[in-house]
Every structure is written in structure tokens, then in C-alpha cells.
Amino acid sequence: MRLRFTKMHGCGNDFILVNESAGASQERKRGGRAGTEREVAIPEERRGDVARALCRRRFAVGADGLIFLCEPSSSAYDFRMRIFNADGTEAEMSGNGIRCAAKFAFEHGVAPRKMRIQTEGGLRVAEVLKEKCEEAEAEEEAEGKNGSAGGVVGRTSLVRVFMGKPVFKCVDEPFKVKGSGMKGSGEEEVRLSVLSIGNPHAVMLVDSFEGLDVSALGCRISSLPAFPEGVNVNFVALRSKNEAESSEGAVGAATEGEAEIQVRTYERGVGETLSCGTGSTASVLALHRLGILDARKPVRVLTRGGVLTVELRDDGAYLTGPATEVYEGTVEISF
């Protein structure tokens, strides 16, 4: 059976997006683009299997997750977003994934520019700010100057998402981890701040990423008895003055007085990803609670796949970053 999809990414955190909203069949009748065509409804009990099959890199489409745009449970929402990790488990939320879903929904007439999205982690409000964000334009220009054949693939938009208010479980508390790999193979103590931003996160400050096995240590922390359902683990390094100065003139360099951190994330059900939107948000909020930075001013988060911005306002946290459509396609699936 044929399944139409759109491949998208937010700072390298990539997703396969399938449109199951009511507007999909209508746009198909109007001769809409391939990504809006709905060829087959995936049975509920097989969604995890399909995610595992399609997200398998080098053997299938390949992605960190599979996103479905579905009909919402009430008219209070524009659409419902469901996301399945590469291992087939369903996640509550994804900060990068929801930006991709918002861009797609706006461009395909599923939702207005500012939209209300139903997720398993609660209501999220997203707004497509620009059709093509400055980060994409700057990267394309930089690639051109370096003699590259091309810059950002596909169409990129800048999207801001209201992430809600964090719920902290603990702040800077010790946890025992066996074989962390930081100092040896024995049991060691790590200090974590644990919170929910629609999905669970543990935030750990590190001096640097040199010699740090993010996947191995992240997996061990996520598997601790304290987290029976697993937890996303974020490793955060503060930017030194020398590092900040050395980045001057780079694409999207920080402006004067703007806080900047580096984050690498182990996502449960996936492994280390190039970027994590909820993880970046959780990291900034944890450091704000610790008094290390002031999130009431925009904070730049440097991930391996790009730059995100997080800001804490009176009503909650906001995440801003690019969302890029890579390509559309059709894949054969069987049940």
C-alpha cells in the first residue's frame, strides 16, 4: 500500500510527516502537492511498527521520528500532532517536530499562521514567523562563499512555539550512575535537574563535551530506576568568553549581552540527536532556576544541528527556530 509523506527537519532533528487531517483529501482533489495526499490510514496498533520500519536509516526513509497530523478531539485545536520515536514508542511532544508540523500545516492550509496544536503533552501554540528565516539565508550565503554546490536544502521557515510552563521534579540533586565513563567504570555521582516541559528531561552541567560519550551516559541515566518510563538527558556546557569571541562573524553569531549555551541530548527511544527542541528549552529553564543565566532574555542554544532560541515570559517558555522541508515522496508499506 502506498503512503505519501514529507521529509522535514528542525536543526538536523529529522522527521517523516504524514498528513491524516481532513484537509488532506480536500487538497488532493484540488491537485495539491504530494505531501498532502493520504493514500492509506495506518491502523492504530501498527503505527509503532511503521515508525520502526520507516525510520530505519540506510534501509528505509530514515528519521528520528514519525509525525502524524490528525484530526483534533475538539474545535479548540486546529489539528492534533502525534509523534512516534524511531524505536516505535510514542512520545508526548517534540519541540523540533512541532515546528515542522506547524510549517507544514500552514503551507498546506491545515491551520492558520498562528495555530493551536493538540499534543500528548498538552496544548501548544505555534506561529510561523517567516517564510524563509534569516538563518537559512545566512547559511546559503556562507555555503556559496565556500564554493559549495548548495546551501540549505528545501524551504525553511522560522517558527515560534509556546512550550508552556515547566514542572520541576528536582533541581541539582545527586543520582548514582554505574559506569558513567567520566572517571572510571565504577558507580559515580551525577547531579541532575529533572523537569517536564510536556515530556520528561534531566539536565546535567558538564565542563566540556571532550571525551563525553553522550549516547552511553545518556542511556544509563535514562535507564535509572528513578525514571521508570525513561527520560531525555541533556548535557549542557556554558560558553566561555574565548569561545564566544572565536565565533564572531560566524553564521548567527550571538549579539552583545545575549546568553549562549551548548547542548547535546540523548533522546529516549532514539539515541543522541543533532538537536532537541524540548531539551534545549528544558536546559535553559534549568539553568534559569539554578541562577546561572536569566531566561527572561532570549538565550541562544547551540546544538550540533543548528541554533535555537529560548525565552521565558510570564505565561511560560517560548522556543524559536527553523523548520525545513527536505523532500516529498511515496513509500510502499504492508501490514
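Me: How many residues of the lining of the largest cavity are nonpolar, how many polar and how many charged?

Reply: In this predicted model, the lining of the largest cavity divides into six nonpolar, seven polar and three charged residues. The volume of this cavity is about 130 Å³, and of the 16 residues that line it, Asn85, Ala91, Met93, Asn232 and Glu267 are the closest to its centre. Strands β2 (13–19) and β4 (79–85) are the elements that give two or more residues to this lining.

Me: What makes Ala91 and Met93 nonpolar, Asn85 and Asn232 polar, and Glu267 charged?

Reply: The class follows from the residue type, because Ala and Met count as nonpolar and Glu as charged, while Asn falls among the others, which count as polar.

Me: How many cavities of 30 Å³ or more does a search of the whole structure find?

Reply: The search finds two cavities at that cut-off, and the second largest holds about 40 Å³ of space.

Me: Which strand gives the largest share of the lining of the second largest cavity?

Reply: Strand β13 (residues 259–267) does, with three residues. Among the residues that line this cavity are Val263, Arg264 and Thr265, along with Thr273, Leu274, Ser275 and Cys276; by class, the lining has three nonpolar, five polar and two charged residues.

Me: Why is Arg264 called buried, whereas Glu272 counts as partly exposed?

Reply: Arg264 has a relative accessibility of 18%, and buried means under 20%, so Arg264 counts as buried. Glu272 stands at 22%, which lies between the limits of 20% and 50%, and Glu272 is therefore partly exposed.

Me: What makes the contact of Glu272 with Arg264 a salt bridge?

Reply: The closest N and O atoms of the pair are 2.7 Å apart, and because a salt bridge requires a side-chain nitrogen of Lys or Arg within 4 Å of a carboxyl oxygen of Asp or Glu, the pair qualifies. Elsewhere, Glu20, Glu44, Arg47, Arg82 and Glu90 are joined into one network by salt bridges that share partners, and the structure holds 21 salt bridges.

Me: Why can the salt bridge of Arg160 with Glu127 be said to tie together parts that are apart in sequence?

Reply: Arg160 lies in strand β8 (residues 156–164) and Glu127 in strand β7 (residues 122–130), so the pair ties together parts that are 33 residues apart in sequence. The closest N and O atoms of this bridge are 3.1 Å apart. Arg160, at 23% relative accessibility, is partly exposed, and Glu127 is partly exposed with a relative accessible area of 22%.

Me: Are Asp14 and Lys7 buried or exposed?

Reply: Asp14 and Lys7 are both buried, and their side chains meet in a salt bridge at 3.4 Å, N to O.

Me: How do you know that Glu188 is buried?

Reply: Its relative accessible area is 11%, and because buried means under 20%, Glu188 belongs in that class. Glu188 lies in strand β10 (residues 187–196), and its C-alpha atom is separated by 5.4 Å from that of Val177, 11 residues apart along the chain.

Me: Why can Ile292 belong to a surface patch?

Reply: Ile292 is partly exposed, with a relative accessible area of 37%, and because patches are made of residues with over 30%, Ile292 passes that cut-off. Ile292 is found in the loop between α7 (277–289) and β15 (299–303); together with Leu205, Leu238 and Leu290, Ile292 makes a nonpolar surface patch of about 300 Å².

Technical notes
Residues are numbered from 1 along each chain as its sequence is written. This is a predicted model: local features need pLDDT of at least 70, side-chain atom pairs count only at pLDDT 80 or more; totals for chains, interfaces and linings use all residues. Side-chain values use heavy atoms; hydrogens and water are left out. On a 1 Å grid over the protein atoms alone, a cavity is a set of points where a 1.4 Å probe fits but cannot get out, and a pocket is an open set with protein on both sides within 12 Å along at least five of seven lines; lining residues have an atom within 4 Å of a point. Grid points are joined across faces, edges and corners, and a volume is the space filled by probe spheres set on the points. Helices (H or I, at least four residues) and strands (E, at least two) are DSSP runs, numbered from the N terminus. Buried means under 20% relative accessible area, exposed over 50%, partly exposed in between (1.4 Å probe, protein chains only). Patches are made of residues with over 30% relative accessible area and no salt bridge: like charges are joined within 9 Å, nonpolar side chains (Val, Leu, Ile, Met, Phe, Trp, Tyr) within 5 Å. Accessible areas come from the Shrake-Rupley method with a 1.4 Å probe; for residues, only the protein chains shown count as cover.
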